[in-house]
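Q: Could you walk me through a close look at one part of this protein? I am new to reading structures, so please explain the terms as you go.

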Amino acid sequence: MTHSGIFTKLRSIAAVLLALLVGFGTTYSLVVSLRAAAAEISGTITIICRDQDNNAFPGIDWKLYSIGHRDSDGNLILDDAFAGSGIHKNAQPLDLAVTLQHYAEIHLTPDYTGTTNAFGTLRFTEVPEGTYLAVGAEFLDGDRKYYPTPCLVDVMETEENPTLQWNLQPKFTFHDFDESQVSYIVTKDWVDDWTDQNQRPSSITVDLYCNGRFVRSVELSQSNNWTYTWRGNIADKWQVLEQEVPPNYVVTYADNFSELTYLISNRYESSGSETTTTPETTTSAPTVTTTTAIYTETTARTTTPTSTAISGTVTPPAQGTDTAEGSETVGSAETTTTTASAGAAVTTTTSDTKIPYTGQLWWPVPCMGIGGLVCIGFGKRLRQKEE
């Protein structure tokens, strides 16, 4: 074989190797892009605080907590921070949100914080995939105190919501008062343990918190009818938390702010465990949410909170994301609305355009593909000439 023949063969082999390398690079780039897209899914949560007449509630502080995620079957998996909390994940959605609020505000640091702007809106952007709890601050207006309902939202990609945008419209309940010192009541309720009451402890301990600080522990038992009453200032934020959930029981909390009562329910679970189910949602028309009191039939009046902050600026988590200011516009895309399982209306914003979820550059992919095809064709042509 002549030197030119050997050189021709070497060129053919080099062309084939280059084509294989380009093909491998293209495949690897696609795999990396898909993995990046799966890992970088994030969404936008907009909180809209308005009454039935579309009047805004500005200056309301909100906290957003990451509390877990959904598994492949849609079951809620709570984060490790809730290990040992005994929270009843099968509870009704509103009870679950209130229960998570009692625990999160005492033990966790919020992932995001912000304040509703002059239009009553607050937008959290670049929120990673997961399940989140939104908690609003209580506020005074004249002789009334208002309490926003906590909301649960799942940030996850679905066919119905490819844009990953959610609008939360929380409801409000309130309490009328004519003096600053009012009476608060905490009561323990035992559920579904009549067949095995010997499992019930003789007493339980409840911790009282005022404005996030521990005040004292109280004991509830049969001797005080599992109830404790105390007086406090209406301007303060009071919270209760069961110190330790009894074995084979799960716990839920229900707050009746129209009566200033806290109900702690322990449900007996014979196996000491529970199976999580997906909260049910019902569909309603995309209308403005009526801010009706949760435990009464009274409709909340329009009010301006005493807080003066109305900037609506979002505070990102420690790892850092871009801040975003609230806006009076929620989006012009077509929307569908579902009633939130935690007492708020959730508007899912949809559109026909798929948003890319990765920063991977796509322009090299077709170039590399075309280059690979050219190299393969060049190699075949050289081989044909040699033969």
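Which element gives the largest share of the lining of the largest cavity, and how many residues come from there?

A: Happy to help! This is a predicted model, in which local features need pLDDT of at least 70 and side-chain atom pairs count only at pLDDT 80 or more, while totals for chains, interfaces and linings use all residues. Residues are numbered from 1 along each chain as its sequence is written, and side-chain values use heavy atoms, with hydrogens and water left out.

The element you want is α2, which gives 5 residues to the lining of the largest cavity. A cavity here is a set of points, on a 1 Å grid over the protein atoms alone, where a 1.4 Å probe fits but cannot get out, and lining residues have an atom within 4 Å of a point. Searching the whole structure turns up 1 cavity of 30 Å³ or more. The space in the largest cavity is about 200 Å³, a volume being the space filled by probe spheres set on the points, with grid points joined across faces, edges and corners.

Around the largest cavity there are 20 lining residues, and Gln-101, Pro-148, Pro-150, Asp-255 and Phe-257 lie nearest its centre. Two or more lining residues come from each of α2 (93-107), β8 (144-148) and β16 (238-242). These names follow DSSP runs numbered from the N terminus: helices are H or I with at least four residues, strands are E with at least two. By type, the lining has 10 nonpolar, 6 polar and 4 charged residues. Here Ala, Val, Leu, Ile, Met, Phe, Trp, Tyr, Cys and Pro count as nonpolar, Asp, Glu, Lys and Arg as charged, and the others, Gly among them, as polar.

Now for salt bridges in strands β8 and β16. A salt bridge is a side-chain nitrogen of Lys or Arg within 4 Å of a carboxyl oxygen of Asp or Glu. In one of them, the side chains of Asp-176 and Arg-144 meet at 2.7 Å, N to O. Because Asp-176 sits in strand β11 (residues 172-176) and Arg-144 in strand β8, this pair ties together parts that are 32 residues apart in sequence. Arg-144 is buried at 14% relative accessibility, whereas Asp-176 is partly exposed at 42%; buried means under 20% relative accessible area, exposed over 50%, and partly exposed in between (1.4 Å probe, protein chains only).

In another salt bridge, Glu-242 meets Lys-188 at 3.2 Å, N to O. Glu-242 belongs to strand β16 and Lys-188 to strand β12 (residues 181-191), so that pair links parts 54 residues apart in sequence. Glu-242 is buried at 7% relative accessibility, and Lys-188 is buried at 5%.

Notes. On a 1 Å grid over the protein atoms alone, a cavity is a set of points where a 1.4 Å probe fits but cannot get out, and a pocket is an open set with protein on both sides within 12 Å along at least five of seven lines; lining residues have an atom within 4 Å of a point.
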